[in-house]
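Trainee: Could we go through the charged contacts in this model together?
Mentor: Certainly; please bring up the structure first.

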Amino acid sequence: MMRLETQDILNITRKQIAGIFKMEPVELKFVNDYQGEQYLLTNDKLHLSNQHYWAKVMDCVFENHVRPVLMCEVLYFLRNEFLESDIKLMFSYDFAEGSEGNAAASAEISFKDSPDLQPDEIAELIDFALTLQDKQWFEELTAKYKQLTVQ
């Protein structure tokens with residue numbers, strides 16, 4: 001698993017926006033206008049995660065205009081950067097110091113390391129493990145084969 005912090009997420013978002021829109025953002029800034037999500041505030045803190053798909057989390061400032069950036073877009077940008085992965089994205093805002101809110105973002109990226117193999121492919125690997133005399137791999141493959149074939 002890989003963990004990204006606020007600056008990493010901002011860098012990837014900036015890179016992806018520049019590539020997709022063919023314009024370099026002047027600034028990416030966190031927003032704190034959550035009128036519809038006031039119910040999410042707990043002890044002056046607001047936490048957004050993947051389930052808050054449509055929440056506006058940033059403004060992307062270009063030379064001539066400002067464009068909102070949604071949670072789903074940041075997820076898309078991260079998925080473009082880390083193919084074949086599961087991403088858990090979190091934005092946190094702490095309003096204890098005032099209405100501006102101290103914002104932070106983080107992401108946990110888990111890579112799909114185990115390919116989905118069919119029983120016949122696993123059977124071939126079992127034969128190969130026998131040829132190599134790799135007992136541990138043989139046992140792992142046999143357990144996986146049984147798991148897939150027992151109904």
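Trainee: Is K56 buried, partly exposed or exposed?
Mentor: This is a predicted model, and in it K56 is partly exposed, with a relative accessible area of 25%.

Trainee: Which side chain does K56 meet in a salt bridge?
Mentor: K56 pairs with D59, at 3.2 Å from N to O.

Trainee: And D59, buried or exposed?
Mentor: D59 has a relative accessible area of 13% and is buried, because buried means under 20%.

Trainee: Moving on, how many salt bridges are there?
Mentor: The count comes to 6 salt bridges. One of them joins E108 and R3, whose side chains meet at 3.5 Å, N to O.

Trainee: What does the pair E108 and R3 tie together?
Mentor: E108 lies in strand β7, residues 102–111, and R3 lies in strand β1, residues 2–4, so the salt bridge ties together parts that are 105 residues apart in sequence.

Trainee: How accessible are those two residues?
Mentor: E108 is partly exposed at 24% relative accessible area. R3 also counts as partly exposed, at 47% relative accessibility.

Trainee: Which residues are linked with R3 in a network of salt bridges?
Mentor: The network links R3 with E5 and E108.

Trainee: A different region now: what is the salt-bridge partner of R67?
Mentor: R67 forms a salt bridge with E73, and their closest N and O atoms are 2.5 Å apart.

Trainee: Does E73 count as buried or exposed?
Mentor: E73 counts as buried, at 17% relative accessibility.

Technical notes: Residues are numbered from 1 along each chain as its sequence is written. This is a predicted model: local features need pLDDT of at least 70, side-chain atom pairs count only at pLDDT 80 or more; totals for chains, interfaces and linings use all residues. Side-chain values use heavy atoms; hydrogens and water are left out. A salt bridge is a side-chain nitrogen of Lys or Arg within 4 Å of a carboxyl oxygen of Asp or Glu. Helices (H or I, at least four residues) and strands (E, at least two) are DSSP runs, numbered from the N terminus. Buried means under 20% relative accessible area, exposed over 50%, partly exposed in between (1.4 Å probe, protein chains only).
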